[in-house]
Amino acid sequence: MYSIALNPCNSLMRQEDQFDNLEKHTQSGIDILEKHIKFVKERTEIELNYAKQLRNLSKKYQPKKNSKEEEEYKYTSCKAFLSTLNEMNDYAGQHEVISENMTSQITVELARYIQELKQERKSHFHDGRKAQQHIETCWKQLESSKRRFERDCKEADRAQQYFEKMDADINVTKADVEKARQQAQIRHQMAEDSKADYSSILQKFNHEQHEYYHTHIPNIFQKIQEMEERRIVRIGESMKTYAEVDRQVIPIIGKCLDGIVKAAESIDQKNDSQLVIEAYKSGFEPPGDIEFEDYSQPMKRTVSDNSLSNSRGEGKSELKFGGKSKGKLWPFIKKNKGATPEDFSNLPPEQRRKKLQQKVDELNKEIQKEMDQRDAITKMKDVYLKNPQMGDPASLDHKLVEVGHNIEKLRLEAQKFESWLSEVEGRLPARGDQARRQSGMYDAQNPPSVNSCAQDRESSPDGSYTEEQSQESEVKVLATDFDDEFDDEEPLPAIGTCKALYTFEGQNEGTISVAEGETLYVIEEDKGDGWTRIRRNEDEEGYVPTSYVEVYLDKNAKGAKTYI
């Protein structure tokens, strides 16, 4: 308990000083509490800003929906990164929890406590000032009665001396002596009354002073001491709470970090490599080996072989090879920047199959969604039929009809893509002919007609192909014993006609350029690789993308297929 040593002389002055000192001390304690509150507030703002920045960072690097970037997140490394972003989002949430708990458990509670503390402090010091003023008033009354008693005593002494002087003087009349005697008695009585009053006030002051120093002031100081100790305890508790709020989220933050580690450990490079292979494999068979062309063997020709007619035949052979190719190289053409065909026929077989399968799945989901909507409308209509007050059943008929049309439209669309998918899946296994067509090789009985160098090939992101121009492909006419046999071979018969829908620049070996609206002959159908073989005239033939032409097949022609 606060204690103060006092003496009767300067007690009130010292008491005043002690109240001033305690008032300053308790005010500094309140200032410390307010400073602590301000510190916690700034910490909560930092936590909120940090959490906001973490959430924005996580959101910034999230894959955009329905974008090409989202497709990359099928790989385990990308999934791990996405898990890291999600864990960081949860991590940010824990910092928001820290801010909320510090605000509710420290800032709000301490702010309310400070208001109560200020009121209590004000009450205690008001009581102390009041007691101090009361004792000061008693002291002034005592001083006043004491001075009056002293004055009356002096007046009584002078009156007594005057009376005695008058009584001793023989020249003074008896009346004057009697008057002096009465005046002395009055002064003595007044002195006695002042003495009694002074004694009474003194006793009262001593009682009040005893109560003041032994009861009132100690009680007030005790209350101030208890108030101050509660403040000290409270600030200590708030500091503990400050630490506990942080400690409570540590396990959850640890789980977030464990989640990041677990995501990192789930990365499977082999699985990612396999996904890349599955995503970009074309379905084409590799080209066969190109046979060695031996030019060192001397040409044994007869006179007829070196005749002008035969020379013309050789020239014709060269022209034939320059304009058409019996075998077809891989269709490594430049990326088509035009519109993608609906049936994805511009893609390699495997990529086309995946795209068609994806489209079929999407259509089936849409169909199921529409069917669920139809069921919901039907149930609602049944409810309206049973409870007419809820709605008119006839108002739902047009919705049912509309949904039915949508379902039928989607089914027809799905059947169309399923037929294309079945066609592709039916062609993919039979790769013998396709391999020969793509590698530019004939059967074993026929010699190779073209020597091609198809190097530095790259696959573009959409599955089509490009060819580096750094190396050129040379096409040479084979001057072998098989020349005559090749010249005697008859050109393939036309199995129909086609009309070019778009202009196509045939810049690669085995292709032919066509102009939009041009009509040409079809000599070989699309074998599932997205290319159709056509002929302009006797010396010009080659391959064009099937999606660039509209084919009209002659059903009576040999080798023609019938489409349903």
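Is cysteine 498 buried or exposed? In this predicted model, cysteine 498 counts as buried, because its relative accessibility is 1%.

**View 1. Two cysteines, 256 and 498, up close.** Cysteine 498 has a relative accessibility of 1%. Cysteine 256 is buried too, because its relative accessible area of 4% falls under the 20% cut-off. If you are looking for disulfides here, the count for the model is zero.

**View 2. The largest nonpolar core and its best-connected members.** This core has 38 residues, and the ones that touch the most other members are Phe19, Leu33, Met102 and Tyr212. Three helices each bring at least two residues to this core: H1 (11-60), H3 (76-168) and H4 (174-265).

**View 3. A second core, apart from the largest one.** Take a moment for this set of 14 residues. Ala500, Leu520, Val522 and Ile534 are among them.

**View 4. Phenylalanine 19 and its partners.** Here we zoom in on one residue of the largest core, Phe19. Once neighbours within four places in sequence are set aside, phenylalanine 19 contacts Phe125, Gly128, Arg129 and Gln132, along with Tyr212, Ile217, Ile220 and Phe221. Tyr212 also appears in View 2, as one of the core residues touching the most other members.

**View 5. Stretches to read with care: residues 1-9 and 429-488, with pLDDT below 50.** The protein chain has an average pLDDT of 78, and 76% of the residues reach at least 70. Over residues 1-9, pLDDT is below 50, and the model gives this stretch 18 contacts beyond near neighbours in sequence. Residues 429-488 also stay under 50, with 123 contacts beyond four places in sequence.

Methods: Residues are numbered from 1 along each chain as its sequence is written. This is a predicted model: local features need pLDDT of at least 70, side-chain atom pairs count only at pLDDT 80 or more; totals for chains, interfaces and linings use all residues. Side-chain values use heavy atoms; hydrogens and water are left out. A disulfide is a pair of cysteine sulfur atoms within 2.5 Å. Buried means under 20% relative accessible area, exposed over 50%, partly exposed in between (1.4 Å probe, protein chains only). A nonpolar core is a set of buried Ala, Val, Leu, Ile, Met, Phe, Trp, Tyr and Cys residues joined through side-chain atoms within 4.5 Å. Helices (H or I, at least four residues) and strands (E, at least two) are DSSP runs, numbered from the N terminus. Contact means heavy atoms within 4.5 Å. pLDDT is the predictor's confidence in each residue, from 0 to 100.
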